[in-house]
Amino acid sequence: MSAFMRAKMQVNKVERFAGQDRITCNAVAAKSYPADGSDEDNTYAKFSPSGELSLAIANPVLLGMIEPGQKFYLDFTPAPEPEKPAT
């Protein structure tokens with residue numbers, strides 16, 4: 001299954017705690033847009049995208065890996081519903 005929507009997010013803040021990093025990201029906006037509003041930075045919006053994401057990362061392998069200023073794609077891929085056990 002492939003993603004049907006993609007947003008580009010930039011990390012604005014990283015807070016480090018014992019055993020956890022908390023990151024805050026905002027949608028990336030281009031400095032200018034083509035006349036139709038399309039842009040690689042915001043395939044989900046026209047012109048100025050808006051979005052915010054906050055994550056608490058508690059996987060020890062990932063701690064310290066994300067820094068302010070980094071940009072990441074956030075892909076939206078439908079998640080299948082778990083199968084219900086047979087009764």
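Which residues are linked in a network of salt bridges? In this predicted model, the residues linked in that way are Arg16, Asp21 and Glu67, and the legends below begin with the sheet before turning to these side chains.

**View 1. The open sheet and the order of its strands.** The predicted model contains 4 strands that form an open sheet, and, read across the sheet, their order is 3-2-1-4, with antiparallel pairing. At the edges lie strand 3, covering residues 52-57, and strand 4, covering residues 71-76, each of which pairs on one side only. On average, and with direction ignored, neighbouring strands of this sheet are turned by 35 degrees against each other.

**View 2. The pairing of strand 2 with strand 3.** Strand 2, which spans residues 20-27, runs antiparallel to strand 3, and the two are joined by 6 bridges. Within this view, Ile23 can be found standing opposite Leu55, a residue of strand 3.

**View 3. The salt bridge between Glu15 and Arg22.** A search of the whole structure finds 4 salt bridges, and one of them is formed where the side chains of Glu15 and Arg22 meet, at 3.6 Å from N to O. Glu15 is partly exposed, its relative accessible area being 26%, and Arg22 also counts as partly exposed, at 32% relative accessibility.

**View 4. The salt bridge between Asp21 and Arg16.** Side chains of opposite charge can pair when their charged atoms come close. Here Asp21 forms a salt bridge with Arg16, and the closest N and O atoms of the pair are 2.7 Å apart. Asp21 is buried, with a relative accessible area of 5%, which places this residue under the 20% limit for burial, whereas Arg16 is partly exposed, with a relative accessible area of 39%.

**View 5. The salt bridge between Glu67 and Arg16, and the network it belongs to.** Glu67 forms a salt bridge with Arg16, and the closest N and O atoms of these residues are 2.9 Å apart. Because Glu67 lies in the loop between strand 3 and strand 4, while Arg16 belongs to strand 1 (residues 5-17), the pair ties together parts that are 51 residues apart in sequence. Glu67 is partly exposed, with a relative accessible area of 37%. Taken with the salt bridge between Asp21 and Arg16, this contact completes the picture of Arg16, Asp21 and Glu67 as residues linked in a network of salt bridges.

Technical notes
Residues numbered from 1 in each chain as written. Predicted model: local features only at pLDDT ≥ 70, side-chain atom pairs only at ≥ 80, totals over all residues. Heavy atoms only, no water. Pairing = 2+ DSSP bridges. Axes fitted to C-alpha atoms, helices over the stretch in contact; angles between N-to-C directions. Buried < 20%, exposed > 50% of the residue type's maximum accessible area, 1.4 Å probe, protein only.
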